[in-house]
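Hi there,

Here is the structure I promised to pass on. Have a look at it first, and my notes come after it.

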Amino acid sequence: MAERTETHRSLPGKETELAQGSLGVSHIVFMVMATVAPAGGAVAILPLAIGLGVGVGTPGMYVFVMAIMLLFAVGFTKMVPHVHNAGAFFAYIVKGIGRPFGLAGAYMATTAYLALASATGGAMGFFAAGSADKLLGIDLPWWLYTLVGLTIAFTLGYLKITLAAGVLGVALVLELIVVLVLDIAIIAQNGLSSLPASSFSLDNVFAPGVVGVGMIFAFSCYQGFEGTAIYAEEAKDPERTVPRATYISMACIGVFFVLTSWAFLASSDGATAAAGKSPGTFAFDLSDEFVGSAWTTIFEVLIVTSCFAGVLAFHNAASRYMFALSRDGFLPRQLRTLHPKHQSPVVAGSTGYAVEVVVVIGFAVAGLDPLTTLTSGLTGFGAVGLMLLITTTSLAVLVYFARQGIFGWAQTVAPGLSLIGFGAITYFALSNFTAITGTDSTIINGMPYLHLLTIVVAIAVALRARQERPETYANMGRTLVD
């Protein structure tokens, strides 16, 4: 407790503290589930997982990946009493394996979330432009819709975190309903016997040659679950709220994608081939067949709101990482400025918004396609960054408790198993990166090397701070809030 008290005094005061006690379990669950964007995953990722991944074994693969993440959650939630920091895994890595690696993780997380916000914004603009043209006859460029969506996301993040959570909650409920209705319609019409029992056969789940691709797509649908830790500083009773929100979020995400992938496979004997042939329209085609064209129209509209929810959640996550880094002295100090009324990280949010806008405008001016370049490339870059971050955090949790002489299932065994699992997923992601991006572009497929550059820069910054700013270096990742 002495460490916390000393650290707390090192802060100037309330001007560097986020809105403590403002988020409950439901708020955080909505934020995390919205980041996952269930409807977007059902339309954009599930067909790829079925058609290009392990096919009939897709539901079992989602169960397998969820099990790895639950192992990770067991360990990282045990760290919550020791770390209440908006930088989340940044502070965890600092405590576990050292400040240079912690700073590398924080920089990598920041760039990953900014990339994912921009990538999801590109998808939002693409789908919004198509829906507006089809339904209203309005023909406007995709980037205009993207910029409007980014602006609204920034405004909500600027006003108040609970307002953003409320908006995400509404969008989340609507998109869950529209997909679950399709799932139920398929099962109702074809019968329970149409659900393939072979989906959970080990031979199908770990099918040779495609198991790596299957892992990548399965993880992509869970991407965003790590957000529960980011909001620990703003949570009510974080030692109880964050673990509960984590397990509820994982359970909901897992059940949703296992059920939906299983229902999609139950649609016909040729579902795997159909998904591989037309992954972009597979879910919409099923909606037309089993529910009706009117429902498909609703589906298409809610894809836009689903993407917007993802943009908002990724934007908020990036803002909080930049805020935490600034408060610790490893980004410009202006980024730690909070709104005097809402206690939102207004300067960090503005900076993130500016970066996202510049990225989108750059792709638009270059005349590049929003889906095949902006969304695919930056989604792959962000996904690999988060995989590396989570793998490193697993190691950090294990090492932290081992150094404390605390050994047990939650403290060392589960983190060790998650380290192996996420290490394997990261390996497959890097070795099959073209499966994520869907392009042969050398530039886009070379983007993971930017993570190496980020790691080198971060370690150099940390080592320089150790020499020139020893007090700041010692305080890295320790700006805890009691």
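Below is what I found, going from the whole chain to two spots in it.

Please keep in mind that this is a predicted model. The secondary structure comes to 22 helices and zero strands. Of the protein's 482 residues, 59% count as buried. The exposed surface is about 17900 Å², and carbon and sulfur atoms supply 67% of that. If you take the contacts between residues at least 6 apart in sequence, 83% of them join residues at least 24 apart.

The first spot is helix α5, residues 89-97. This helix is mostly covered, with eight of its nine residues buried. Those buried residues are Phe89, Phe90, Ala91, Tyr92, Ile93, Val94, Lys95 and Gly96, so you will find a lysine in the list along with the aromatic side chains. After α5 comes Gly98, which has a positive phi near 115°.

The second spot is where helix α14 (residues 282-290) meets helix α15 (residues 293-327). Their axes come within 7 Å and cross at roughly 150°. Angles over 145 degrees count as roughly antiparallel, and α14 and α15 are therefore roughly antiparallel to each other. The crossing is right-handed. On the α14 side, the contact is made by Ala283, Phe284, Ser287 and Asp288; α15 brings Ser293, Trp295, Thr296, Phe299, Glu300 and Ile303. Together, the residues of this contact divide into five nonpolar, three polar and two charged.

Happy browsing, and write back with any questions!

Best wishes

Technical notes:
Residues numbered from 1 in each chain as written. Predicted model: local features only at pLDDT ≥ 70, side-chain atom pairs only at ≥ 80, totals over all residues. Heavy atoms only, no water. Axes fitted to C-alpha atoms, helices over the stretch in contact; angles between N-to-C directions. Helix = DSSP H or I, 4+ residues; strand = E, 2+ residues; numbered from the N terminus. Parallel < 35°, antiparallel > 145°, perpendicular 65-115°, else oblique. Left-handed = near helix turned anticlockwise from the far one by under 90°. Contact = heavy atoms within 4.5 Å. Nonpolar A, V, L, I, M, F, W, Y, C, P; charged D, E, K, R; others polar. Buried < 20%, exposed > 50% of the residue type's maximum accessible area, 1.4 Å probe, protein only. Areas by Shrake-Rupley, 256 points an atom, 1.4 Å probe, with all protein chains shown as cover.
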